[in-house]
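Trainee: I am new to this structure and would be grateful for a close look at a single part of it. Could you take me through that part and its surroundings in one connected account?

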Amino acid sequence: MFNEFVITSETTLTLYSSSKISIEQQKICWSFERLAKSLDNVLNVVVGMNTICVYTNDVNYKELCKLKLHLDSLYKETKPIELDGKLIEIPVDYGGELGFDLLNLAKLKKLSIKEVVDIHTKPIYTVYFIGFLPGFAYLGGLDNILNTPRLSIPRTKIPAGSVGIGGAQTGIYPLEAPGGWNIIGNTSVKLFDINKEQPSLLKAGDRLKFVVNSIKESL
Amino acid sequence: MRINKISAIASIQDLGRKNYKQYGVNESGALDKWSFMLGNVLVGNEPNTPAIEIILGGIEIYCDKPMTFCISGANYEAFIDEKPIHNNYRLRIEAGKTLRLVRAMSGMCAYICCYGGFKADFVLDSYSTNFVAGFGGYGGRALKIGDEVIANSKMNLSQIAVAGIKQQDKIRIIQGSEWDLFTDEAKYSLLNNEFIVSSKSNRMGYRLNCDKKLNLENEISLASHGVKAGVIQVPSSGEPIVLMQDSQTTGGYPKIASIIEADLGLFSQYRFNSKVKFELVDIQTALQAKKERINHINNIKEYASEN
């Protein structure tokens with residue numbers, strides 16, 4: 001869509017990616033976050049899926065426009081960085097009561113349940129960023145066969161530990177929350193614990209592998 | 001002080017947790033930030049002092065110690081014991097008396113601000129209650145009967161009153177980054193039709209119902225990106241959702257518009273099933289309106305410190 005920052009509110013500037021989601025673009029986003037954090041008038045930087053949102057302090061229009069130009073030029077110069085993350089295995093119970101969309105998703109894709117699970121557990125995913133909910137990791141690496149649109153009306157309640165697919169993305173709900181993703185399974189691994197020094201189990205750059213704990217073919 | 005009765009959703013809030021969005025931690029904080037700040041500065045506090053937010057219902061609080069306090073935000077039928085009291089008045093309540101907020105006559109969220117603030121859990125740089133993950137504020141949850149909330153009561157202050165945030169006919173919005181991708185009918189509808197605040201709304205988002213669905217020219221799928229309170233996102237059902245303080249940190253639904261920061265407090269006061277109309281402004285107007293709100297708060301702060 002764009003390759004420059006757009007003023008999206010009185011206190012946000014957002015950069016949307018123009019091309020297909022890629023790890024190369026994400027490495028530039030990670031690098032940019034580190035550079036932009038310390039700029040004047042920047043409160044916080046949130047990396048999304050190949051996107052960047054910069055949150056500002058209270059600024060006037062002139063300062064906002066100046067910051068936009070500054071961010072644009074900084075972005076052009078940003079070189080990708082490598083993050084050395086850990087590899088974490090997440091055991092998943094696929095299908096059944098807690099994987100309530102698996103059956104429909106398999107039907108939609110004209111695949112068997114087993115095939116969907118095989119495709120989902122095959123890749124080693126990369127944590128692109130943490131967002132949406134405390135400790136919610138957005139994972140890159142989903143096989144395009146499983147790319148499934150979000151629900152037209154988001155559900156008001158999704159159980160903690162739900163493993164879902166939203167568009168080209170897959171991830172795990174760390175807490176009970178509303179959400180629009182297709183839920184294919186559930187894990188008992190705790191992804192967010194405020195009592196830990198690092199409350200989020202996963203961070204950007206980590207790698208993740210889903211492993212089968214069980215598969216249920218029906219609801 | 002002790003909560004003796006409660007039917008409201010009440011929680012301890014401040015201006016929110018802004019620095020942990022990169023870990024997915026929701027901002028939380030007061031829904032009507034302007035009324036929250038107004039209440040705080042009226043009682044001599046810094047604007048970002050923890051206060052009690054009361055939504056929808058009533059609350060009865062027994063005070064075992066005196067405190068200087070005020071009620072701001074929604075216009076509540078309220079009493080100290082049997083004596084009626086008013087919004088935006090700086091008052092003193094004596095030990096042994098009961099503060100009763102019976103029902104909101106207009107608006108949705110009120111704030112009880114106390115000179116010195118309330119004791120609360122300070123987690124990740126904020127006192128606000130994170131309902132989603134259950135931390136901050138009062139044990140990370142809404143207040144219930146029997147809870148003991150500690151007011152850091154400071155000295156007595158004179159009784160003064162100020163005007164609240166002025167009502168408006170329309171809520172001002174600016175174009176969202178996907179504005180151009182919506183149909184002309186959708187844009188027309190957003191600016192000319194009334195929207196009804198759904199009773200399915202909560203602190204995460206206010207859902208709006210409308211006769212004419214807001215449709216895109218072509219379906220699109222966006223990569224998830226940072227969002228904030230005030231964003232009007234439109235899932236493919238065509239019925240908009242306005243993100244509020246407990247909203248997710250990132251989202252992927254197309255954003256037709258954003259409620260300007262100056263008016264988000266007023267919007268949060270719309271009751272379920274009431275009708276809201278929007279008016280489009282530019283970013284300069286939005287920033288100017290915010291500056292005026294900040295000036296208003298500063299004026300009250302100055303007045304409160306002189307009296």
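**A buried pair and its surroundings**

Mentor: Both B:Arg293 and B:Asp263 are buried. The pair links parts of the chain that are distant from each other, since B:Arg293 belongs to helix 4 of chain B and B:Asp263 to helix 3 of chain B, 30 residues apart. Their side chains meet in a salt bridge, with 3.1 Å from N to O. Please keep in mind throughout that this is a predicted model.

Let us begin with helix 3 of chain B. Eight of its eight residues are buried, so this helix is largely enclosed by the rest of the structure. The buried residues are B:Glu261, B:Ala262, B:Asp263, B:Leu264, B:Gly265, B:Leu266, B:Phe267 and B:Ser268.

Several of these residues meet strand 10 of chain B, residues 171-175, where B:Ile171 is found. B:Ile171 is buried because its relative accessible area is 1%, under the 20% limit. Leaving aside neighbours within four places in sequence, B:Ile171 is in contact with B:Asp263, B:Leu266 and B:Phe267, among others. Its contacts also include B:Ile259, B:Tyr270, B:Val276, B:Lys277, B:Phe278 and B:Glu279. By contrast, B:Phe135 is 36 residues from B:Ile171 in sequence and 32 Å from it in space, C-alpha to C-alpha.

B:Ile259 offers a second view of these surroundings. Not counting residues up to four places away in sequence, B:Ile259 touches B:Leu264 and B:Phe267, together with B:Ile171, B:Arg172 and B:Ile173. The other residues that B:Ile259 touches are B:Gly230, B:Ile232, B:Val242 and B:Phe278.

We may now turn to the nonpolar cores. The largest has 51 residues, and those with the most contacts inside it are B:Leu190, B:Ile256, B:Ile259, B:Phe267, B:Val276 and B:Phe278. Helix 1 of chain B, residues 33-42, gives the most to this core, with six residues. Another core, of 43 residues, lies apart from it and includes A:Val59, A:Leu64, A:Ala177 and B:Ile260.

The next topic is the contact between the chains. Chain B and chain A bury about 3700 Å² between them, with 62% of it on carbon and sulfur atoms. In chain B, the residues that lose the most area to chain A are B:Gln22, B:Ser224 and B:Leu287, together 15% of what that side buries. The contact takes 47 residues from chain B and 47 residues from chain A.

Polar links also cross this contact. Between chain B and chain A there are 17 residue pairs in polar contact, both residues being at pLDDT 80 or more. On the side of chain B that touches chain A, the elements giving two or more residues are strand 13 (225-226), strand 17 (255-259), helix 3 (261-268) and helix 4 (283-306) of chain B. Helix 4 of chain B gives the most to that side, with six residues. The residues of that side divide into 22 nonpolar, 17 polar and eight charged.

One residue where the chains meet is B:Thr249, in the loop between strand 15 (241-243) and strand 16 (250-251) of chain B. B:Thr249 is buried, with a relative accessible area of 2%. The side chain of B:Thr249 reaches the backbone nitrogen of A:Phe132 at 2.8 Å. Not counting residues up to four places away in sequence, B:Thr249 touches A:Tyr55, A:Gly131 and A:Phe132 in chain A, and its contacts in chain B include B:Lys21, B:His225 and B:Val227.

Let us return to charged pairs. Side chains of opposite charge can pair when their charged atoms come close. Between chain B and chain A the count is one salt bridge. A:Asp58 forms a salt bridge with B:Lys290, with the closest N and O atoms 2.5 Å apart.

Over all chains, the count comes to 31 salt bridges. One of them joins B:Lys5 and B:Glu60, whose closest N and O atoms are 3.7 Å apart. This pair also links distant parts of the chain, with B:Lys5 in strand 1 (residues 2-6) and B:Glu60 in strand 4 (residues 59-62) of chain B, 55 residues apart. B:Glu60 counts as buried at 18% relative accessibility. In a further salt bridge, between B:Asp147 and B:Arg141, the closest N and O atoms are 2.9 Å apart. Here B:Asp147 counts as buried at 6% relative accessibility, whereas B:Arg141 counts as partly exposed at 27%.

Terms used
Residues numbered from 1 in each chain as written. Chains lettered and ligands numbered in written order. Predicted model: local features only at pLDDT ≥ 70, side-chain atom pairs only at ≥ 80, totals over all residues. Heavy atoms only, no water. Contact = heavy atoms within 4.5 Å. Buried area = accessible area lost by both parts, 1.4 Å probe. Salt bridge = Lys/Arg side-chain N within 4 Å of Asp/Glu carboxyl O. Polar contact = N/O pair within 3.5 Å; in protein donor to acceptor, adjacent residues only side chain to side chain. Helix = DSSP H or I, 4+ residues; strand = E, 2+ residues; numbered from the N terminus. Nonpolar A, V, L, I, M, F, W, Y, C, P; charged D, E, K, R; others polar. Core = buried A, V, L, I, M, F, W, Y, C linked by side-chain atoms within 4.5 Å. Buried < 20%, exposed > 50% of the residue type's maximum accessible area, 1.4 Å probe, protein only.
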